Amino acid sequence: MSSIKLNFQPRARLLLQLGDQLIRNESIAFMELIKNSYDAYASQVRVTMKDVDEKSGEITIEDDGIGMSKDIITNVWMQPGSDHKLKIIKSIKDNPSAKVDRAPIGEKGIGRFGVHKLGYQIEMISKMENKKEVFLRINWRDFEKDDLLENIKVDLYERDTPEYFKNGKRGTRISIKELKNKWSRGTIRELYRAVNSLSSPFETLDSFKVFFSIDKQDWLSGLMSFKEIKEYALYYAEAVIDGNQISTLKYEFRPWDTMSKLEERVETYHNIRMVEQVIDEVSKKKAWQDLDLTGYKIGRVRFKLLIFDRESKILSLGVTDKKGFTNYLNTNGGVRVFRNGIRVYDYGEPGNDWLNLDMMRVNQPGKTISNNIVIGAIDLSRTSSSGLDEKTNREGFVENESYFKFLSAIRFTIDKVLTERNKDKEKIRKLYSPTSASQPVIGNLGVLQEKIISQIPPGDFQKDLLKSIKDIEEDYKTISDIYTRSSSAGLSLGIVIHEVIHMIAELVAAVESKSVDDQVRSLVKTLQRTVSDYAGVIKQSGKSREDLLEIIDQSLSNIQFRLKVHELEVIRQYKKRVNLNTMVRCSHNLVVSTLINLTDNSIWWQNYANVKKKKLYIDLIEEPQGYISILIADNGPGFTISTDDAVKPFVSDKPGGMGLGLHLAYEVMNSQKGELIFPEEGDYDLPNEFKKGAKLLLAFKR
């Protein structure tokens, strides 16, 4: 048996196929060429477009970087996939003390295919210091021939006397002719937006500027700038993520001058421990564990976030160009990622909901944010974030373990920001945008019902959805009727209406787009649960004379396995109150449910604080006067937000929390004609280990 050695012999058209596959659109093509200028240590890049509404137009990209010599073009530029930049990055890592202007952004060696995406005729002039000027011409049509790649030759000239880069100048100029597509006003505006988004809006890269010019300047008229938009942000945050914690988090509430009833607020936090929810490999149940970026080669992460309010009544207080404002956020909203101040495409682009902000807003509409109300920037160090590997097609990072840890850390940080933002959002809504307590929900449910009937084929799925909608309608009517009759329940009906309408709108959109069944089911269940919870809290039926001793015992019995798993010791001080009259009139099930929820919260926060010996103290006391109260205390970290804010809906400091736990406990006690009280340290005689933890009273009137 004989054998021979073979070489791959790619066809010339392979380069064209690679360009089409790896470079998705013209904007990414431009980004790649501009990044090449950045990697060439350019201080500025000039993009010029002339007559591009015709294929006979011309595009030029010129920089003042270090340029290229004949050897560089031959041995690097003409060798796609070269590891030239990787070697530079490695040398920087190996010699961290060496003075380097900047680390290269690229590493794949394929960015040059961006020129093929734009036009057929390419002319490149480049000059290095103390080297001859070189001229390269490429006709991409030559590569369409059915010939081997090695047979297609490209003309490269060396000029003894420079014709373009004269008087000691250096750099690279690429001219693109015979354009592949005509450019429209819309695509030019999109490109202008993309070019301006290359560097972080929060950072000024004095060492690298991009200038854009076109002979049809009117095509760019009316575009709002980030400088204009940022003045309308009501909420601002910046954070530094390092290892297993947010080392610094600063939040600012910036009400407009027209919001005279509100004051600015600034909060700064340090060393916030990060956690994430995972599936335990043994029990197969959800569990919380430390979220630690150490060991994943991500490095320190800096994060800045602006949050806006698009509610029409709010905009009328300060935004003059509402259309320009909303259009800007529609196309520029989202959270972008930058390395050394240069953008990693295509995070933050319309349609790329990489943080699941839009979907989370559907599931938690009152608490969360969507891409079209935020502008965010995440900045990474090029040399420290090698664990985040860019995809070859330039559409984000490879979704490896490092990426998912990075993703979880950003979501955790956003959650912490929203805890603060939701406090101030509630104040704005209360003062400047009170929701009318009319009957829009029933009408919207009717529209949703019609959409389901017309868009979803008859069958069990349609039948289940219609039944859920009917249940939602009945629960909502219960809420509305009771609120109309009495204002003593304490919760604004406007909040319920606002959140329910939002979820119905999302459902209508999902049904119209014929989304997958699981998504529609999830939305309906979320809506049904929200309405049902509110209805259950305020129904006035089902009250009877109950023994609080028995209620506490049953609550603990219902979760005895949970207490054992989490090794939570319960100090049952209430058992010693044998001579106390513990009978009250209340709804048995609601109080049991409330006690279970409060215990669950205590378990979570003690786990989060790494309390070694978790304890829960429960007592019955005749305080305040005229009441008998269940006193609950733990030895955890205490309340991380003010108790005034904690009882408001959709305000939570727990990652992924809905922000309804303490709020519903507050509503339950109101519905029982009782009170939810948060005592100060020293108000009651407690063992020392509980004095710093969370403490509250469920106070029932005699």
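**Cores, sheets and ring pairs of a predicted model**

Visitor: Is Y608 buried or exposed, and at what relative accessibility?
Guide: Buried means under 20% relative accessible area, exposed over 50% and partly exposed in between, for a 1.4 Å probe and protein chains only. Y608 therefore counts as buried, its relative accessibility being 12%.

Visitor: Which pLDDT must side-chain atom pairs have in order to count?
Guide: Residues are numbered from 1 along each chain as its sequence is written, and side-chain values use heavy atoms, with hydrogens and water left out. This is a predicted model, in which totals for chains, interfaces and linings use all residues, local features need pLDDT (the predictor's confidence in each residue, from 0 to 100) of at least 70, and side-chain atom pairs count only at pLDDT 80 or more.

Visitor: Over which residues is the pLDDT below 50?
Guide: The protein chain has a mean pLDDT of 81, and 81% of its residues reach 70 or more. One stretch, with 13 contacts (heavy atoms within 4.5 Å) in the model beyond near neighbours in sequence, has a pLDDT below 50. Where pLDDT is low, the predicted coordinates should not be read in detail. The stretch concerned is residues 484–492.

Visitor: How are the rings of W604 and Y608 arranged?
Guide: Rings of Phe, Tyr and Trp (its six-membered ring) pair if their centres lie within 6.5 Å; planes under 30 degrees apart count as stacked, over 60 as edge-to-face and the rest as tilted. The structure holds 20 aromatic pairs, and one of them, W604 with W605, is edge-to-face at 4.8 Å centre to centre and 80° between the planes. For W604 and Y608 the centres are 5.3 Å apart and the planes stand at 10°, so this pair is stacked.

Visitor: In which helix do W604 and Y608 both lie?
Guide: W604 is buried at a relative accessible area of 7%, and W605 is buried at 16%. Helices (H or I, at least four residues) and strands (E, at least two) are DSSP runs, numbered from the N terminus. W604 and Y608 are four residues apart, about one turn, and both lie in helix α18.

Visitor: Which helix gives the most residues to the largest nonpolar core?
Guide: A nonpolar core is a set of buried Ala, Val, Leu, Ile, Met, Phe, Trp, Tyr and Cys residues joined through side-chain atoms within 4.5 Å. The largest has 69 residues, of which W354 and F406 touch the most other members. With 11 residues, the helix that gives the most is α11 (residues 401–432).

Visitor: How many residues form the other core, which includes V52 and F208?
Guide: Not counting residues up to four places away in sequence, F406 touches several residues, including L293, V337, W354 and F397. Another core lies apart from the largest one; V52, I61, L198 and F208 are among its members, and its size is 47 residues.

Visitor: What angle does the direction of helix α6 make with that of β7?
Guide: Seven strands form an open sheet of mixed pairing, in the order β5-β4-β3-β6-β2-β1-β7; two strands pair if DSSP finds at least two bridges between them. The edge strands, each pairing on one side only, are β5 (155–159) and β7 (209–214). Axes are lines fitted to C-alpha atoms, for helices over the stretch in contact, and angles run from 0 to 180 degrees between N-to-C directions. Helix α6 (residues 185–196) packs on this sheet, touching β1 (44–50) and β7, and its direction makes with that of β7 an angle of about 165°.

Visitor: Which residue of β4 stands opposite I122?
Guide: Strands β3 (residues 119–127) and β4 (residues 133–139) run antiparallel and are joined by six bridges. The residue opposite I122 is I138.

Visitor: Where is N130 found?
Guide: N130 has a phi near 65°, a positive value in a residue other than glycine. N130 is exposed, at a relative accessible area of 74%. N130 is found in the loop between β3 and β4.

Visitor: By what angle are neighbouring strands of the sheet that includes β10 and β15 turned on average?
Guide: Here seven strands form an open sheet with mixed pairing, in the order β10-β9-β8-β13-β16-β14-β15. The edge strands are β10 (265–273) and β15 (342–344). With direction ignored, neighbouring strands are turned against each other on average by 20°.

Visitor: What is omega of the peptide bond from Y345 to D346?
Guide: D346 is found in the loop between β15 and α10 (357–363). The bond from Y345 to D346 is cis, with omega near -5°.
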